[in-house]
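Me: Please take a close look at the salt bridges. Which side chains pair up, and how buried are they?

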Amino acid sequence: MAFTNVWLGIVHSMSHQIGGTFGLTHGAVNAILMPNVIRYNSAVTDKYTDLAEMLGKSTAEDFAQEVSALRASVGVYRSLKEYGIDEREWEAKLDTLTENAMKDPCTLFNPRKPKFEEIKAILQACYEGTAINIQEAIFQLNENVAVADAQLA
C-alpha cells in the first residue's frame, strides 16, 4: 500500500544501484544508507526532527542515530564494505553507481535535490560506515581525485 501511494527518494535510488551491482539485499542496503540520507535531507525538511520528537529525542541527528541503532539491533552491518565489497571494485564503479542513482526516477522525489558530488559522498560514507558531513565529504573526494591525478602525471 505504501509503495502505491508515495514516491521514494535517494535511499532507494542508491540502493537500486548497489543491490544490482553487488548483489546485496535492498533492505540491508537501505538500512545502511538511511542514517546518512536523513542527515543530508535534514537541511531542507523538519520531518526528521518531528520523527525524533516522537521517540523522545530532539534533532534529526538523534533520529539518524536511532535508525543506526535499529539497523545494528537486527544484525545489519554498518557499512557496505563489511558485506565484502572489494575497495578497488567499489572505487572503479563509484562514478557509475552515482550517475545511475542520479538518473533513477526515485531521485526526482527526494526532498533535497542532490548534486552528483553529494550522492557520491553519501555512497562513499556508507561504504566506509561513517556519518556524513556533506561539505567535508565532498572536499575529501576532490582531494583524493587530485592526489590520484598527480600520481598519474
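Reply: What follows covers the salt bridges and the burial of their partners.

The model is predicted: local features need pLDDT of at least 70, side-chain atom pairs count only at pLDDT 80 or more, and totals for chains, interfaces and linings use all residues. Residues are numbered from 1 along each chain as its sequence is written, and side-chain values use heavy atoms, with hydrogens and water left out.

The whole structure holds six salt bridges (a side-chain nitrogen of Lys or Arg within 4 Å of a carboxyl oxygen of Asp or Glu). One of them joins Arg39 to Glu61, with the closest N and O atoms 2.7 Å apart. Arg39 sits in helix α3 and Glu61 in helix α5 (residues 60–73), so this pair ties together parts 22 residues apart in sequence. Helices here are DSSP runs (H or I, at least four residues), numbered from the N terminus. Arg39 is buried, at 17% relative accessibility. Glu61 is partly exposed, at 31%. Buried means under 20% relative accessible area, exposed over 50%, and partly exposed in between (1.4 Å probe, protein chains only).

Asp95 pairs with Lys120, and here the closest N and O atoms are 2.7 Å apart. This bridge links distant parts of the chain: Asp95 belongs to helix α6 (residues 87–103) and Lys120 to helix α7 (residues 116–128), 25 residues apart. Asp95 is partly exposed, with a relative accessible area of 35%. Lys120 is buried, at 14%.

Arg112 and Glu118 also meet through their side chains, at 3.7 Å from N to O. Both Arg112 and Glu118 are buried.

Definitions and conventions
Helix = DSSP H or I, 4+ residues; strand = E, 2+ residues; numbered from the N terminus.
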